[in-house]
Amino acid sequence: MALKIIASQCSGCSACEPECPNVAIFEKNGTFWINPKKCTECIGHFDTPQCIAVCPVENTCVIDTSQPRYQPAA
Amino acid sequence: MQRQAAEHKGCGTSGGGGKASCGSGAGQRDMAPEIWEKVKNHPCYSEEAHHHYARMHVAVAPACNIQCNYCNRKYDCANESRPGVVSEKLTPEQAAKKVLAVASTIPQMTVLGIAGPGDPLANPEKTFKTFALVSKTAPDIKLCLSTNGLALPDHVDTIAKFKVDHVTITINMVDAEIGRHIYPWVYWKHKRYVGKEAAQLLSERQLMGLEMLTARGILCKINSVMIPGINDQHLVEVNRAVKSRGAFLHNIMPLISAPEHGTVFGLTGQRGPSARELKALQDSCEGEMNMMRHCRQCRADAVGLLGEDRSAEFTTEKIMAMEVNYDTETRKAYHAKVEVERRAKVAAKQQELDTLAGTNSDLKVLIAVATKGSGLVNEHFGHAKEFQVYELSTAGAKFIGHRRVDLYCQGGFGEEDNLATITRAISDCHAVLVAKIGGCPKADLRAAGIDPVDQYAGQFIEKSAITWFKNYLEKVAGGEIAHQRRGDANIRQGAYIAA
């Protein structure tokens, strides 16, 4: 699973973009999106996903259950 | 008077006892020349300048690194107008173009501030890129920024490098127990902190940043939001803490809070202060340090004199289509003209004040003034979007605040007619000085105990106010009228938005 941003709640503030260690976040039409192929849920980088930690709108960066769980290299 | 001179360590920090005599309300004769030079054209740092000079904010900094209970970034209503809310974000390049366009159209525009809509220092690249572009193309414009202070210590050297000589820090507490009721979290070094730990961290970084700035001779203004029941009493302590660290000016602002803003405080029903509560707190801090009372709590994309907002004239679309010819000479000539007006105003005030010498009275009364700027009584009663309020005593006329009466978004005021709104906004005043007023409102104001005065149309505010006060004292002394105390007044919520 990767994280996703619920577009209808995103205020477009851009706080998450520079915090992502995987450069997985990009802007499209005024809101921000996460590339699930790049997202590692910050595993191996930080204790908590940085987009969740910095986002000003609660429950806007959430786990995308439609994506397979990220598997760090053994 | 020159006690606090020499160093840039703020107001009277070196002197014992007496009140610091620089800052917002003060004029040229009250402060060191190098400090006067920095503030004389800055509407936010000098009350006297705010009648003549304009500022603009560019919204290049959308990200924030803390959460405040009085702020909601999600909310986006077309009529919304609070700090933290803007109509459109700008890139640094767009912002630089906007600055040139505005400065060419409005020669009074002397100051560029970056105040958000998030925190400028949570967007350091965008903020400093904007400063770099503007300082190249419009070197006569003063740069300033406003921050929550969390990231401030990391950027003090860059701030100094770009010659940003005015920085505002919002400090609402110096006690984490109080802070935890204001800040749910802060984000620092890849971690979200909550509760007391968050407030403690924020407070330490704010005070460290303030000390670092004042050590470099950068003028610091402290903004504090007055939240009744949470930090209202505590702000006296905040005032002492920031004064001792060399802050130049303290601006205590009323909380803006309504359920429709969707903020935590709006939803919990936390109220803002009344006009009298705000003034009482400002007065009690004034013994320590001069207070800013002319803040309009403007948006992060405001343009114009404080109390007006011309941002609608400068949308990105309009700016990009504009041919800009930035002419420093024209601007200089305009500023020279303004300086002549200012000197005439100060001289007229002093002359009138001299005629009060020898008059003994403990009376203090408030009056409201309708003005369009330039320090003149020059606005019609019915056209006024705000009234400026002056406190009159035998010491002279002192600006103590403003009251909004424009009709946007009736938050909390219902659908009552305009005149009732105005009467409530200035009900602590004995008189209202206007350029012109109709017969009907005149009679209604008299019935409400407020004297409508139109005989000073087009004249200097302070001189007129002192003349009026002199007449008032004479009438009271002669038994013609009996002095009566006035009640409290409402502070209108929210900042200005273009009509």
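In the predicted model, the buried residues of helix α2 of chain B are B:P92, B:A95, B:A96, B:K97, B:K98, B:V99, B:A101, B:V102 and B:A103. This helix runs over residues 92-105 and comprises 14 residues, with a distance of 20 Å from its first C-alpha to its last, close to the 20 Å expected at 1.5 Å a residue. The cover over the buried residues of α2(B) includes strands and helices of chain B, namely β1 (54-57), β3 (109-114), α3 (124-137), β11 (303-304) and α10 (316-321).

A second helix of chain B, α6, spans residues 195-215, and its 21 residues should extend over 30 Å at 1.5 Å a residue, a value with which the 31 Å between its end C-alpha atoms agrees. The buried residues of α6(B) are B:A198, B:A199, B:L201, B:L202, B:S203, B:R205, B:Q206, B:L207, B:G209, B:L210, B:L213 and B:T214. Just after this helix, B:G217 adopts a positive phi of about 75°.

These two helices belong to a chain that contains 14 helices and 16 strands. Of the 499 residues in chain B, 54% are buried, and among the contacts in this chain with a separation of 6 or more, 72% join residues that are 24 or more positions apart. The domain assignment divides chain B into domain 1, covering residues 28-320, and domain 2, covering residues 354-477; the centres of domain 1 and domain 2 of chain B, taken over C-alpha atoms, are separated by 29 Å.

The largest nonpolar core has 156 residues, and those with the most contacts inside it are B:I367, B:V432 and B:L433. Because domain 1 (28-320) and domain 2 (354-477) of chain B both give residues to this core, it lies between them. For B:I367, when residues up to four places away in sequence are not counted, the residues touched are B:Y390, B:L392, B:C429, B:H430, B:A431, B:V432, B:L433, B:A465 and B:W468; B:V432 and B:L433, which are thus among the contacts of B:I367, are also named with it among the residues with the most contacts inside the core.

Another residue of chain B, B:L278, lies in helix α9, which runs over residues 275-286. B:L278 counts as buried because it has 22 C-beta neighbours inside 10 Å, where 20 or more are required. Leaving aside neighbours within four places in sequence, B:L278 is in contact with B:M226, B:P254, B:P273 and B:I491. By contrast with these contacts, B:A241, which is 37 residues from B:L278 in sequence, is 20 Å from it in space, C-alpha to C-alpha.

In chain A, two residues other than glycine were examined for their backbone angles. A:N29, which is not a glycine, has a positive phi of about 55° and is placed in the loop between β2 (25-28) and β3 (31-34) of chain A. With 7 other C-beta atoms within 10 Å, A:N29 is exposed. A:N59, also a residue other than glycine, has a positive phi near 55° and is found in the loop between α1 and β4 of chain A. A:N59 counts as exposed because 9 C-beta neighbours lie inside 10 Å, the limit for an exposed residue being 12 or fewer.

The contact between the chains takes eleven residues from chain A and twelve residues from chain B. On the side of chain A that touches chain B, the residues divide into seven nonpolar, four polar and no charged. For the complex, the predictor gives an ipTM of 0.90 and a pTM of 0.82.

As to confidence within each chain, chain A averages a pLDDT of 90, and 96% of its residues score at least 70. Among the elements of chain A, the lowest mean pLDDT, 92, belongs to strand β4 (residues 61-64), and the highest, 96, to helix α1 (residues 50-54). Chain B averages a pLDDT of 82, with 86% of the residues scoring at least 70. Within chain B, the pLDDT is below 50 over residues 76-80, a stretch that has five contacts in the model beyond near neighbours in sequence. The pLDDT also stays under 50 over residues 408-416 of chain B, for which the model has 13 contacts beyond four places in sequence.

How values were computed: Residues numbered from 1 in each chain as written. Chains lettered and ligands numbered in written order. Predicted model: local features only at pLDDT ≥ 70, side-chain atom pairs only at ≥ 80, totals over all residues. Domains from an automatic or database assignment. Helix = DSSP H or I, 4+ residues; strand = E, 2+ residues; numbered from the N terminus. Expected span 1.5 Å × (residues − 1). Contact = placed C-beta atoms within 7 Å. pLDDT = per-residue confidence, 0-100. Nonpolar A, V, L, I, M, F, W, Y, C, P; charged D, E, K, R; others polar. Core = buried A, V, L, I, M, F, W, Y, C linked by C-beta atoms within 7 Å.
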